[in-house]
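Please open the model in your viewer and keep the sequence panel beside it, since each stop on this tour begins with a selection to make.

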Amino acid sequence: MSNSILKRINNCLRLGLGAIPQSCVLCAALGCRDGLCRACNSSLTTIAYTHCPRCALPTDGNLCGACLKTPPEFDSVTAAFIYAFPTDALIQSLKYHANLAITCVLAEKLIEAAPGSVGADFFLPVPLAREKQRERGFNQAHEIAKILGSYYGVPVEANLCGRVRNTLSQTSLPWSERTKNIRGAFSCTHDLTGKKIILVDDVLTTGATLNELAKTLRKQGAAEIRAWVVVRTLPM
Ligand SMILES: [Zn+2]
Ligand SMILES: [Zn+2]
């Protein structure tokens, strides 16, 4: 990682996310500023694998069967990690233990995996269901997007789209039912004609949520919709 990335990530830490020294999420070493000790951080390498350019599932580099059959509403997915240990522990620490310091590490890895130039009008974090956001107190996608926005100097639009329908938790449902569950969940009334948008989320599983959100944005005229996710779950 270049010094300039480190410097800017450090700036984001100074914004307060990692202000309180704490123990490393992975090895419990004390005194880490961003929730991860230096050794664990440098052992977290983004996984390079050939994948479907559209949905990031491992392939020989061509489109996967699912994307060929039913092309998703989004144009491409960039993922920093495959969902496995130890990345799953980082995501869980962020989501379920409100360890916001970890967002800096996750955003940093996403920056490493992403192309150098962003070429988008704004980042759009995937909105959480209202109840879930109230319960958790924050939206992890928004926290990550804020760091990306400040790093690239690209605006973050967190209120452009609303989640109008409270859906069942996607994780509680079998994969086959997730598309139906999320249908009609988002609303957007802004004119997005010609806009290039990068959706931000922590985990991509079936892609049903991203697809539904992208569909909503397309209806408003969005020209290009890419997605940046920290981890890509693979089908079992
Ligand atoms: Zn550690
Ligand atoms: Zn695909």
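Helices and strands here are DSSP runs numbered from the N terminus, a helix being a run of H or I with at least four residues and a strand a run of E with at least two. With that in mind, please remember that this is a predicted model, and begin by selecting A28, which lies in the loop between α1 (3-17) and α2 (38-43). The phi of A28 is near 70 degrees, a positive value in a residue other than glycine, and A28 counts as partly exposed because its relative accessible area is 48%.

**The whole chain**

Zoom out and colour the chain by secondary structure, which should show nine helices and six strands. Of the 236 residues in the protein chain, 49% are buried. Among the contacts with a separation of 6 or more, 69% are made by residues 24 or more positions apart.

**Into and along helix α4**

Next select F85 and P86, which are joined by a cis peptide bond with omega at about 5 degrees; P86 belongs to the loop between β1 and α4. From P86, extend the selection into α4 (residues 87-97), and colour it by accessibility. Is this helix mostly covered or mostly open? Helix α4 is mostly covered, with eight of its 11 residues buried, and these are T87, D88, A89, L90, I91, S93, L94 and K95. If you now display the surroundings, you will find the buried residues of α4 packed against β1 (76-82), α5, α6 (130-136), α7, β5 and β6 (224-232).

At the other end, α4 is followed by A98, which sits in the loop between α4 and α5. A98 is a residue other than glycine with a positive phi, near 50 degrees, and because its relative accessibility is 44%, A98 counts as partly exposed.

**Where α4 meets α5**

Two packed helices are described by the angle between their axes and the distance between the axes. Keep α4 selected and add α5 (residues 102-113): the two axes come within 10 Å and cross at roughly 135 degrees, which means that α4 is oblique to α5. To see what makes the contact, show the side chains of L90, I91, S93 and L94 on α4 together with I102, T103 and L106 on α5. By class, this contact of α4 with α5 has five nonpolar residues, two polar ones and no charged ones. As for handedness, α4 passes α5 in a left-handed crossing.

**The aromatic cluster**

Now clear the selection and show the aromatic side chains, where a search of the whole structure finds four aromatic pairs. Start with F123 and Y152, a tilted pair whose ring centres are 6.2 Å apart and whose planes make an angle of 45 degrees. F123 lies in strand β2 (residues 122-125) and Y152 in helix α7 (residues 140-152), so this pair ties together parts that are 29 residues apart in sequence. Both F123 and Y152 are buried.

Then add Y151, which pairs with Y152 edge-to-face, at 4.8 Å centre to centre and with 85 degrees between the planes. Y151 counts as buried because its relative accessibility is 14%, while Y152 is buried with a relative accessible area of 18%. To complete the view, include W228, since ring pairs link F123, Y151, Y152 and W228 into a cluster.

**From T206 to helices α8 and α9**

For the last stop, select T206, in the loop between β5 (196-204) and α9 (208-219). T206 is partly exposed because its relative accessibility is 30%. Leaving aside residues up to four places away in sequence, T206 touches W175 and R178. Draw a distance line from T206 to T179 as well: these residues are 27 apart along the chain, and their C-alpha atoms are separated by 8.5 Å.

Now show helix α8 (residues 175-182) beside α9, where the axes lie 9 Å apart and the helices pack at an angle of about 25 degrees, so α8 is roughly parallel to α9. The contact is made by R178, T179 and I182 of α8 and by A208, T209 and E212 of α9, a set that divides into two nonpolar, two polar and two charged residues. The crossing of α8 and α9 is right-handed.

Key: Residues numbered from 1 in each chain as written. Chains lettered and ligands numbered in written order. Predicted model: local features only at pLDDT ≥ 70, side-chain atom pairs only at ≥ 80, totals over all residues. Heavy atoms only, no water. Axes fitted to C-alpha atoms, helices over the stretch in contact; angles between N-to-C directions. Parallel < 35°, antiparallel > 145°, perpendicular 65-115°, else oblique. Left-handed = near helix turned anticlockwise from the far one by under 90°. Contact = heavy atoms within 4.5 Å. Nonpolar A, V, L, I, M, F, W, Y, C, P; charged D, E, K, R; others polar. Phe/Tyr/Trp six-rings, centres within 6.5 Å; stacked < 30°, edge-to-face > 60°. Buried < 20%, exposed > 50% of the residue type's maximum accessible area, 1.4 Å probe, protein only.
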